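Colleague: I should like to learn how to read contacts and salt bridges in a protein structure. May we work through one case together, step by step?

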Amino acid sequence: MNALTSLDRPNSYIGRSVPRPNAKRLLAGRGRYVTDFVLPRMLHVAYVRSPYAHARIVSIDAQAAREMPGVKLVATGQDLARLCTPWVGTMDHFKGMKSPPQLPLPVDKVVWSGQAVVAVVADTRALAEDAAETVAIEFDELPVVVDIDAARMPGSPVISPELGSNLCFHGKIDTGGVDDVFANAAHIVEEEFHFGRHTAVTMEPRAIIADYDASEQQLTVHHATQTPYQFQDIYSRHYGIPESRVRVIAPDIGGSFGMKLHMYHEDMAVVGLSIMLGRPVKYVADRIESFVSDIHARDHRVRARMAVDADGEILAMDVEDVTAIGAFSAYPRTSVVEGNQVYRLMGAPYTFRNYRADLQVVFQNKVQMSQYRAVGHPIACAVTERLVDMIAAKTARDVFEIRSGNLIPDDAYPCTSPTGYQFEALSHHACLAKLRQMMDYDRLRAEQAQLRSKGIHRGIGIATFVEITNPGPAFYGVGGARISSQDGAIIKITPSGDVRCLISVTELGQGTETIIGQIVAEHLGVDRNRIKVITGDTETTPHGGATYACRGAGIGGETALQAALKLKANVLSVAGAILQEASEKLDIQNGWIIDAATMHPRVELAEIARIVYFRSDTLPPGTQAQLSVTHHYAPQGYPFAFTNGVQGCHLELDVETGLVNILKVWVVEDCGRIINPLLVDEQIRGGVVQGLGAAFFEECAYGDNGQLTNGSLADYLVPMAVEMPDIEIGHVETPTLDTQLGAKGVGEAGTAAASAAALNAVNDAMAPFGGSIAQLPMTPARILKALGHI
Amino acid sequence: MSEPINVSMTVNGSRVSCGVEPRSTLADFLRQTLALTGTHTGCEMGVCGACLVVVDGRVVHSCLMFAVQAGGSVIETVEGLTERAAIADLQDAFHLRNALQCGFCTPGMLMTAYSLLSQPGIPTRDEIRDALSGNYCRCTGYEAIVDAIENVARDRDAASIAQTREEAGA
């Protein structure tokens, strides 16, 4: 019997809960966020924004602003259009998709309320705001398009007349046979779902400093973004600056969640303003600006139905999703990816083969909607899982029973979903069984029945999910977007035997630098404290995808692993030369070259480094030691590494007030090989709470005139500590065999299913009253309406 | 409105005296004039808690206070509490429990925890959650923060009991 686990091996870091070395700096108040940066001769910009959702710009009078104290420049859309080429947020693989060209600031009309129109640059932000108040813009109001049905009616005002209609994209999926299945089904359930707009609300708003140095034609941008390479490419191409002279630095970032990877008009304008002035220009969105200019998320109306046979076997799904994205599609990732994932992820955990879906992506006069944490997943999950619960109710089956009868068996992989997604290996049944045990489900049900008799109404909801992680080039690259799916790493051994790893995946606080350090430490054979991981600077790190779509651990981690093995081979090669030993008989452990068979230490890595760097004269002739390596890894094999899991939600509903007290959430998740359990669990918890925010609180409320009516943190509700439950997490580990590391992503799993489990739990609590709800967020007013009280 | 007024105060143990615009908030003054960038602004309306600092022993929103109102006050920011090791145990506990991700809300969280744990006794988890409700965090989901504060409360209580016993024994 060997009682040792894999963690007992030397240099075993993968799978170990270790805290983040870089977190201590943040705890000491020594974070360096773009918001904090001050550069010599730096100026500040304030924007004059449109008060109208749709209007023609008749005239702009900025003379008074130009004469205000401290003002260095007032720039309009025309001024910036001379420097910056337009961009269009489409991708080729969304056939027929269209979107109008965009510029940093508009030249003839505004298309949403809050759109930046005029830039005022001054010595301080306060002076810029003072001057901005004096800018007079005459607008000619145009009819406002906000409603998704009105927008698609013949004769409706068209926001971009050159496109012919307000339809950005129309997609259809049809496996065939759906009408026949529904015609012969024993039971059919159907529902119309509404998912409100919500937004990221990063604690640090968007922040950017552009610094153009005309003497070197060099643009340096300090940018709070998760994707610096993407922005290097964009600034280079649209401002005509060679890529080698564009540097994007992403330092500490105060939250991102997908929001900080889109092109924003104000940010693009800042680059142009810096070029015009030859000085650094800083823009930090204030909170109201964040609400009216950060991407919003979701905004779907889904009509869906599900057919089932007399034995409770799900046979088919039929779905229609209409989603509204603002006046254009976001750049460079497009606003169709959200809807595309909604209608392709529907029913993904289940065995049924007949599926039909219609997706319409609609323009309207609101701020842009685009990718935010768990893109599309919460919608597909909530619709599917609610329908499954409705089938359970209709066929008098328990919610666990209906799922275990319909989920894809754990031994049925590999397989393909009706929408074409390829699943390598998932573990729905193992996760479901584990969740049932963790929840102590039978006891909860007994307690629920008992409490109901006392007028206490608790609800239990579960939701299974799959999550798209580790995307290959099929995600963006094939559509023509210059967004990389590969990553690159440079690993160097310093003269004292320390290790530096410069890698293209970026740190957002999720722990990228920590896990990359763990992987390099384990596979190179050194103590992780001797490894420094460097991210977020296009000047020093290789080009790569950075952080999006849960790819950092799976793709970035594999990049680091392969790079470490390559460097290790180089080290052993030179060590072999020094020790007069065959390199395959050597290994590295705790920073020592050891005899692989006996584990006997031979020479310290630092000594190898000393000889290589300072006494190459003592090496055998012809030896050219390579103690730095550059390595890239592009995912191959499956187009995506799907993960899966199941969540459970337990809550108490006050049927008099409509208030919900969330008692507990459970998550069982399978993200493949876990590199750092501490960090994985906190990704899940944070993701769950964002999902609960969408379920109960968060909604960007608009009036009929396209005005956002709750653009402050006092009016827009985000989850607070007192409202959130403790969240218990369990794991099943099914590593992907596409990589040596075996890791998949985990950052979006919590968000993917939390709102679905909550939706099912609220409906479960309401069941005795005959009410039901199919709208998120489930506000007290909506719950009371569902209960028939108002 | 923008003519500077001379203001003196004590910040992190040092006497500070300089001209500030009357409209400058304490948060902007600390961040921009004194370069104490550990204090953050998230909402600038007293909701999110990222800007909390200690003013004359009380934890207040520095975004809701003008710098000129702080004249004569004694102010401590996360930098000051760190340097005099007043929150070292909280910082260690946050680190070990991974009770932060992006770290932007964290100085404010530490301020609230510092204030809460200056009260006697061990707060319950509900009391900790209640105390944190003026601090928004978008990354962690709060549980790790509650855990970290709870751990420190227990450790401090245990240390204080041990000290009492030691004193009684001596």
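Colleague: Which residue forms a salt bridge with Arg206(A)?

Modeller: Please keep in mind that this is a predicted model. A salt bridge is recognised by a side-chain nitrogen of Lys or Arg within 4 Å of a carboxyl oxygen of Asp or Glu. Here the partner of Arg206(A) is Asp294(A), and the closest N and O atoms of the two are 3.0 Å apart. The pair links distant parts of the chain, 88 residues apart. Arg206(A) sits in the loop between strand E8 (187–199) and strand E9 (207–213) of chain A, while Asp294(A) sits in the loop between H8 and strand E13 (296–308) of chain A.

Colleague: Is Arg206(A) buried or exposed? And is Asp294(A) buried or exposed?

Modeller: The cut-off for buried is under 20% relative accessible area. Arg206(A) counts as buried because its relative accessibility is 2%. Asp294(A) has a relative accessible area of 1%, so Asp294(A) is buried as well.

Colleague: With which residue does Arg482(A) form a salt bridge?

Modeller: Arg482(A) pairs with Asp233(A), with 2.7 Å between the closest N and O atoms. Arg482(A) lies in the loop between strand E18 (457–469) and strand E19 (487–493) of chain A, and Asp233(A) lies in helix H6 of chain A, so the salt bridge ties together parts 249 residues apart in sequence. Exposed means over 50% relative accessible area. Arg482(A), at 52% relative accessibility, therefore counts as exposed, whereas Asp233(A), at 4%, counts as buried.

Colleague: What is the state of the residues in the salt bridge between Arg23(B) and Glu21(B)?

Modeller: The side chains of Arg23(B) and Glu21(B) meet at 3.0 Å, N to O. Arg23(B) is partly exposed, at 22% relative accessibility, and Glu21(B) is partly exposed, with a relative accessible area of 28%. Salt bridges may also share partners, and one network of this kind joins Glu682(A), Arg685(A), Asp726(A), Arg97(B), Arg125(B), Arg129(B), Glu143(B), Asp147(B), Glu150(B) and Arg154(B).

Colleague: How many salt bridges are there over all chains?

Modeller: The count comes to 57 over all chains. Seven salt bridges lie across the interface of chain A and chain B. One pair, Glu698(A) with Arg138(B), has its closest N and O atoms 2.8 Å apart.

Colleague: How is the size of an interface expressed, and how much area do chain A and chain B bury between them?

Modeller: The size of an interface is often given as the accessible area lost when the parts come together. Chain A and chain B bury about 4000 Å² between them, with 56% of it on carbon and sulfur atoms. On the side of chain A, Leu27(A), Met203(A) and Ala721(A) lose the most area to chain B, and together they account for 20% of what that side buries. The contact involves 52 residues from chain A and 42 residues from chain B.

Colleague: Which element gives the most to the side of chain A that touches chain B?

Modeller: Let us begin with the polar contacts: 29 residue pairs are in polar contact between chain A and chain B. The elements giving two or more residues to that side of chain A are helix H1 (23–27), helix H4 (125–132), helix H17 (677–696) and strand E28 (726–731). H17(A) gives the most, with eight residues. By residue class, the side divides into 30 nonpolar, 11 polar and 11 charged.

Colleague: Can the same reading be applied within one chain? How much area do domain 2 and domain 3 of chain A bury between them?

Modeller: The domain assignment gives domain 2 (38–142 + 201–293) and domain 3 (296–473 + 637–786) of chain A, along with domain 1 (6–31 + 486–633). Domain 2 and domain 3 of chain A bury about 2800 Å² between them, 65% of it on carbon and sulfur atoms. Phe257(A), His262(A) and Phe291(A) supply 23% of the area that domain 2 buries against domain 3, more than any other three residues.

Colleague: How many salt bridges are counted between domain 2 and domain 3 of chain A?

Modeller: The count is zero, while 15 residue pairs are in polar contact across that interface.

How values were computed: Residues are numbered from 1 along each chain as its sequence is written. Chains are lettered from A and ligands numbered from 1 in the order in which they are written. This is a predicted model: local features need pLDDT of at least 70, side-chain atom pairs count only at pLDDT 80 or more; totals for chains, interfaces and linings use all residues. Side-chain values use heavy atoms; hydrogens and water are left out. Contact means heavy atoms within 4.5 Å. Buried area is the accessible area (1.4 Å probe) that two parts lose on being put together, summed over both. A polar contact is a pair of N or O atoms within 3.5 Å; within protein, one must be able to donate a hydrogen and the other to accept it, and residues adjacent in sequence count only if both atoms are side-chain atoms. Helices (H or I, at least four residues) and strands (E, at least two) are DSSP runs, numbered from the N terminus. Ala, Val, Leu, Ile, Met, Phe, Trp, Tyr, Cys and Pro count as nonpolar, Asp, Glu, Lys and Arg as charged, and the others, Gly among them, as polar. Domain bounds come from an automatic or database domain assignment. Buried means under 20% relative accessible area, exposed over 50%, partly exposed in between (1.4 Å probe, protein chains only).
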